[in-house]
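Student: I've got a protein model open on my screen and I'm not sure how to read it. Could you walk me through it?

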Amino acid sequence: MNETAQNTSDSQVVTMLDAGVLVPFQNQPFRVATGEEMDQLKESIQEYGVLSPLLARPLPNGSYEIVSGHRRKAACEALGITRLPVLVRPMTDDEAVILLVDSNIQREHILPSEKAFAYKMKMEAIKHQGKATSRQLVGKLEASDIVGQTSNESGRTVQRYIRLTCLIPSILQMVDEGRIAFNPAVEISYLTEEDQQLLKDEMDACQATPSLTQSRTLKQMSQAGTLTREYLHHLLTEEKPNQRQKFFLNQEDVKKFFPPNYTPEQMHNTIMLLLRNWQHKRGYNKNQPER
């Protein structure tokens with residue numbers, strides 16, 4: 001293996017390593033950026049080089065596991081750069097997981113699934129370090145509170161993100177794509193895997209998704225073992241309050257027909273009176289089709 005080393009200003013040793021000895025972190029939840037984000041990173045590296053060294057830990061087989069810098073490595077490989085600056089630091093599995101999550105969790109663009117699995121990994125690492133259960137206190141904080149400190153999120157929010165890891169992949173993908181909102185998705189995560197698949201099939205068939213209130217109902221029915229395909233179809237095809245068509249009159253368009261001193265309430269009352277008179281004159285009943 002060909003490598004050189006140099007000292008950084010803070011006395012940490014940065015080693016130049018061949019890209020071939022750098023391996024991705026096992027089961028790391030963060031995806032390598034593509035598209036415009038990757039193009040911008042490549043342009044920066046092409047002009048200025050790799051400004052921040054990768055962080056990796058040595059493995060027994062002689063390779064190095066990347067803890068931070070997966071995107072930088074991908075960008076360098078795309079540019080044909082084969083030697084990268086790496087800060088090599090021995091660390092335990094738990095230390096590596098926590099560093100991996102903390103160095104990525106505040107990225108500008110992060111998917112709900114990435115955050116969910118990252119929080120789960122960090123939670124397990126913290127619990128393993130302190131031999132704590134999920135509800136035990138670590139010092140004065142619960143493990144979930146410690147997980148959320150880096151991203152300024154509460155322990156409750158962390159726990160709700162971790163619930164997303166209980167979703168079947170096809171529904172979790174809908175969450176990532178913004179087709180299902182976060183709060184309904186958390187409730188859906190409590191459905192059995194079989195019921196989640198039934199729900200996914202019906203969502204595809206009806207081209208609809210459940211609201212938060214509906215998702216809570218599905219959670220209760222699934223836990224009680226009473227959820228059926230027929231009910232799912234009925235629920236997904238019923239009209240939701242926010243889907244009902246609304247009718248508005250623009251005040252600027254209306255007030256030109258009234259004296260300048262008329263209030264909105266007076267205008268409304270006058271319009272309703274005129275409509276009732278119009279209805280009476282035509283003999284129109286709203287429950288009968290117009291002739």
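Tutor: Let's go feature by feature, keeping in mind that this model is predicted.

Student: Okay, start broad. How many helices and strands does the protein have?

Tutor: There are 13 helices and eight strands. The protein has 291 residues, and 37% of them count as buried. Its accessible surface comes to about 18,200 Å², with 49% of that belonging to carbon and sulfur atoms.

Student: And what share of the contacts join residues at least 24 apart in sequence?

Tutor: If you take contacts between residues at least 6 apart in sequence, 65% join residues at least 24 apart.

Student: Next, the inside. How do I read a nonpolar core?

Tutor: The general idea first: in soluble globular proteins, nonpolar side chains tend to be buried together. Here the largest nonpolar core has 48 residues, and the members touching the most other members are Leu164, Leu167, Ile171, Ile180 and Leu199.

Student: Which helix gives the most to this core?

Tutor: That's helix H4, residues 112-130, which supplies seven residues.

Student: Say I click on leucine 164. Which residues is it in contact with, leaving aside its neighbours within four places in sequence?

Tutor: You'd find Pro112, Ala116, Leu172, Phe182, Ala185 and Val186 in contact with leucine 164. There's also a second, separate core of 14 residues, and its members include Leu17, Leu22, Ala75 and Val86.

Student: What about nonpolar residues at the surface? Which residues make the nonpolar surface patch?

Tutor: Met272, Leu275 and Trp278 make a nonpolar surface patch of about 290 Å². Take leucine 275 as an example: you'll find it in helix H13, residues 264-282. Leucine 275 counts as partly exposed because its relative accessibility is 44%, and partly exposed covers the range between under 20% (buried) and over 50% (exposed).

Student: Now salt bridges. What's the idea behind them?

Tutor: Side chains of opposite charge can pair when their charged atoms come close. This structure holds 13 salt bridges. One of them joins the side chains of arginine 31 and aspartate 176, at 3.3 Å from N to O.

Student: Why does the pair of arginine 31 and aspartate 176 tie together parts that are 145 residues apart in sequence?

Tutor: Because arginine 31 sits in the loop between E3 and H1, while aspartate 176 belongs to helix H7, residues 169-176. Arginine 31 is partly exposed at 47% relative accessibility, whereas aspartate 176 is buried at 16%.

Student: Can you show me another pair?

Tutor: Sure. Lysine 122 and aspartate 102 meet through their side chains in a salt bridge of 2.5 Å, N to O. Lysine 122 lies in helix H4 and aspartate 102 in helix H3 (residues 93-104), so this pair ties together parts 20 residues apart in sequence.

Student: Is lysine 122 buried or exposed?

Tutor: Buried, since its relative accessibility is 3%. Its partner, aspartate 102, is partly exposed at 25%.

Student: One more pair, please!

Tutor: Try arginine 229 and glutamate 202, whose side chains form a salt bridge at 3.4 Å, N to O. Arginine 229 is in helix H11 (residues 229-237) and glutamate 202 in helix H9 (residues 193-206), so you're looking at a link between distant parts of the chain, 27 residues apart. Arginine 229 is partly exposed at 35% relative accessibility, and glutamate 202 is buried at 8%. Salt bridges can share partners too: that's how Arg57, Glu65 and Asp93 are joined into one network.

Student: How many disulfides are there?

Tutor: The count is zero. As for individual cysteines, cysteine 166 is partly exposed at 37% relative accessible area, while cysteine 206 is buried at 17%.

Student: Last topic: backbone angles. Which residue has a positive phi although it is not a glycine?

Tutor: Asparagine 27 is one of them, with a phi of about 60 degrees. Asparagine 27 lies in the loop between strand E3 (22-23) and helix H1 (36-48), and at 65% relative accessibility it counts as exposed. Asparagine 152 also has a positive phi, about 55 degrees. Look for asparagine 152 in the loop between helix H5 (143-148) and helix H6 (155-163); it is exposed, with a relative accessible area of 71%.

Notes:
Residues numbered from 1 in each chain as written. Predicted model: local features only at pLDDT ≥ 70, side-chain atom pairs only at ≥ 80, totals over all residues. Heavy atoms only, no water. Core = buried A, V, L, I, M, F, W, Y, C linked by side-chain atoms within 4.5 Å. Buried < 20%, exposed > 50% of the residue type's maximum accessible area, 1.4 Å probe, protein only. Helix = DSSP H or I, 4+ residues; strand = E, 2+ residues; numbered from the N terminus. Contact = heavy atoms within 4.5 Å. Patch = residues over 30% accessible without salt bridge, like charges linked within 9 Å, V, L, I, M, F, W, Y side chains within 5 Å. Areas by Shrake-Rupley, 256 points an atom, 1.4 Å probe, with all protein chains shown as cover. Salt bridge = Lys/Arg side-chain N within 4 Å of Asp/Glu carboxyl O. Disulfide = S-S within 2.5 Å.
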